[in-house]
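Student: Please take me closely through one helix of this structure and its surroundings, and then on to other parts that can be read in a similar way. I would like the cut-off behind each term as you use it.

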Amino acid sequence: MRNSVTPIYDYPKYWAECFGAAPFLPTSREEMDMLGWDSCDIIIVTGDAYVDHPSFGMAVIGRVLEAQGFRVGIIAQPEWQNKDAFMALGQPNLFFGITAGNMDSMINRYTADRKPRHDDAYTPDNKGGMRPDRAVLVYSQRCREAYKDSAIVIGGIEASLRRLAHYDYWSDKVRRSVLSDAKADILLFGNAERALVDVAHRLSRGEDIKTMTRIPGTAVMLKAAPEEMSEIDSTRIDKPGKAMVMSNPYVVETACETSKDAAKEDVAKPVMVRPARHDAENSYVRLPSFEKLLNDRILYAHASRVMHLENNPYSARALAQKHGDRELWVNTPPIPLTTDEMDYVFGLPYARVPHPKYGNAKIPAYEMIKTSVNIMRGCFGGCSFCSITEHEGRIIQNRSQESILNELEDIREKVPGYTGVISDLGGPTANMYRLGCSDPKAERNCRRPSCVFPKICEKLNTDHQHTIDLYRAARETKGVKKVVIASGVRYDLAIESPEYVKELVTHHVGGYLKIAPEHTEKGTLDLMMKPGMGTYDRFKEMFDKYTKEAGKKQYLIPYFIAAHPGCTDDDMLNLALWLKQNDFQCDQVQNFYPSPMCNATAMYHSETNPLKRVKYKKREELFVAKGELQRRLHKALLRYHDPANWPMIREALTNMGKKHLIGDRPGCLIPQPGTEAEQTFAQRRGSGRHGAKRFATKHPNQPDIRKPQRKTADGKPAGGRPTNGQSPSHGSKPSNGNKPSNGGKPSNGKRPTTGNTAGNGQKQGGGKPFAAKPSGGGKKRPAGQRSGQTAR
């Protein structure tokens, strides 16, 4: 039964617990000798540098396994050209745990324009090229070459989001499940502490890993699907199952039903929760095979839709998908960690710094999050361009306030150079802490992909009081001078709690607050599953009101996505006009990045809307900006103020019959030809990238945030260039172009997410591992946020 799970801290400890906790998990034989180890029970191979911090997956997984009594070693960013580096710690007694790191290795390496990056925020000194493309596949192959009889467990965000046959943007085709290509023994998806601890203890008792086929949160390759389970055939469009026998897997409980009598009366009546129309424990859904999806993009949209409806850990069914003559068997999602379990994971003895072997080298991802705290996991937003929900789940996993405050004290004691500023209290979003469904029965049966679209569910608890109390307690913690909220605020939720907005604006905005409208046009926003601009306007009114009351000068920094599936040239033009009307100038603009598994990627590949029932003939076809010129145009429209983009925009406006938008009249987007010649070189180069106001999206009326220029004794400016440092109130953070985990907001764009399988994910979407908010061009946000790319 899914309700009866063993807490991860209640397993009997393995015999090696007598060695105690290591200052750092060993990365060499010498370190093993110092700890008195003759071998490692588990070896984690990761594409990231080893940072012993709870925002880095290898540290979370390593410390969790260590707390179970296992001896855990780390092989970080090994040379992958041969097997030698993978033999550095010897053969593990139980298994190799393999992860690409906090980001998908392809998103980490390539921009949204498929151009290689030359930096890597998860590598010492930001050095690029320290991990291979498709790192999970390469690392698995090398481990198998080194020790062919060792068990191999793959996980992290790259494996998690590639667990099924998936569209791969970089090769522009559908690829097999990463489990099939890696030839690993088992794949763990999501935040997989629960599954990983179970696998480790069962292996330690002598069980064969090939018998571990029914663990939630895992995927395995089988010769045949279990005979004792009934199959729901969804291999063909519009034929999800036999009539009157199996339920339609397309059906979504869009709202909980109430009694008709209750609607007629004023008195309150109990809400009737519709039970699941299938036996989730004993049935599974058969998806179209990899071979069928390879050349049928409409069928791919159908398969994506069905998969996204099977994400509730309490009522989802297992999935089966043929890969040749083998069955890919994907078990139900993992049961979310309880608050006690979350506290256990984050309370382990992390050193909170990079491994000493890196010396004085700077690891940008660590520098960004070293004084930040993850307060929760998961996201019920369901944005179609983001994979956080598919990775971390829709049900929010919360830490207790006590655990969070203890981590603030830990930061004060352990982080070198701590100044009293906490750079973030957040997660995939800033304000979903302790929010969720108010009806446990409804939560266990609901199959909606989002709790806030097309409107906020009536059963969703939007009370921000727990978050307000946490902020106030954090400010009172000894040694804390200021707490900044850097995670993206879900403003459609925030306006439900004016007190929260006031608390946030008054005490926790470092001059600029980032939010993500993503677009202005309803058609595109509906495909993104985001609220309309009316919600943004209401939040802005509240933000401005409380900013004025606080006597501060603070600004909203909105993020937007260019070239999202379904977004036409007219939609992008209207967005550009809105930006100009509101005096916004976007810098470091990012095109939509089709990261694995998210709904918008299915839209991109199929040019079909999978949010609605998919059919071959009667379906909602979408315009998708795919060619380089089309994507460049959408990107240029977001940077309408850059003279370098004016020739392209003029040509497009002429072809669209919009020449009246060219000129110096009010309402025009860009000036007439010849204006570029009047620009200085710095102006032609672009206003935000090289000047003092280095912001993702900037407002031309914002003040220059520069340190005062030195003056001579007579009051005249001294020689030399002015300093371009940001104001202390804003906090100097790296300029980030992506959105991980997400996200892991790096998936892509925020800080690293935590606690994924044998390594972690993100925001892409990120990054939050960051996610996400998972992926994109330009400079990257460390993981864990959302996987969709925004115009930063």
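Tutor: The answer begins with one helix and what lies around it, and then moves on to a sheet, a ring pair and one residue of a strand.

This is a predicted model, in which local features need pLDDT of at least 70 and side-chain atom pairs count only at pLDDT 80 or more, whereas totals for chains, interfaces and linings use all residues. Residues are numbered from 1 along each chain as its sequence is written, and side-chain values use heavy atoms, with hydrogens and water left out.

The helix is α21, residues 569–581; helices (H or I, at least four residues) and strands (E, at least two) are DSSP runs numbered from the N terminus. The expected span of a helix is 1.5 Å times one less than its number of residues, so the 13 residues of α21 should span 18 Å, and this agrees with the 18 Å between its end C-alpha atoms. Asp569, Asp571, Met572, Leu573, Leu575, Ala576, Trp578 and Leu579 are the buried residues of α21, where buried means under 20% relative accessible area, exposed over 50% and partly exposed in between, with a 1.4 Å probe and protein chains only. An α-helix has 3.6 residues a turn, so residues three or four places apart point the same way. The elements that cover the buried residues of α21 include α19 (522–528), α20 (533–549), β22 (555–560), β23 (585–586), α23 (628–638) and α24 (646–655), with contact meaning heavy atoms within 4.5 Å. After α21 comes aspartate 583, which has a positive phi near 60 degrees.

Trp578, one of the buried residues of α21, also belongs to a cluster in which ring pairs link Tyr491, Tyr536, Phe539, Phe543, Phe560, Trp578 and Phe584. Rings of Phe, Tyr and Trp (its six-membered ring) pair if their centres lie within 6.5 Å, and planes under 30 degrees apart count as stacked, over 60 as edge-to-face and the rest as tilted.

Phe560 leads on to a pair of strands, since phenylalanine 560 in β22 is the bridge partner of glutamate 518. Five bridges join β21 to β22, and the two run parallel; strands pair if DSSP finds at least two bridges between them. Seven of the seven residues of β21 (residues 512–518) are buried, so the rest of the structure largely encloses this strand. In a regular strand the side chains alternate between the two faces of the sheet. In β21, Tyr512, Lys514, Ala516 and Glu518 point one way, while Leu513, Ile515 and Pro517 point the other way.

Two of the covering helices of α21, α23 and α24, are joined by a loop that holds arginine 639. This arginine 639 counts as buried, at 9% relative accessibility. The side chain of arginine 639 reaches the backbone oxygen of cysteine 586 at 3.0 Å, and a polar contact of 2.9 Å joins it to the side chain of aspartate 642. A polar contact is a pair of N or O atoms within 3.5 Å; within protein, one must be able to donate a hydrogen and the other to accept it, and residues adjacent in sequence count only if both atoms are side-chain atoms.

Elsewhere, 10 strands make an open sheet of mixed pairing, in the order β2-β1-β3-β4-β7-β8-β12-β11-β10-β9. Its edge strands, β2 (72–76) and β9 (230–233), each pair on one side only. On average, neighbouring strands of this sheet are turned by 25 degrees against each other, direction ignored. Helix α2 (residues 57–67) lies across β1 (42–46) and β2, at about 175 degrees to β1; axes are lines fitted to C-alpha atoms, for helices over the stretch in contact, and angles run from 0 to 180 degrees between N-to-C directions.

Among the 23 aromatic pairs of the structure, phenylalanine 24 and tyrosine 50 are edge-to-face, 6.3 Å centre to centre with 90 degrees between the planes. Phenylalanine 24 lies in the segment before α1 (29–35) and tyrosine 50 in the loop between β1 and α2, so the pair ties together parts 26 residues apart in sequence. Both are buried: phenylalanine 24 has a relative accessible area of 18%, and tyrosine 50 one of 0%.

Within the sheet, leucine 319 sits in strand β11 and counts as buried at 5% relative accessibility. Beyond its neighbours within four places in sequence, leucine 319 is in contact with residues including Leu164, Val285, Met307 and Trp329.
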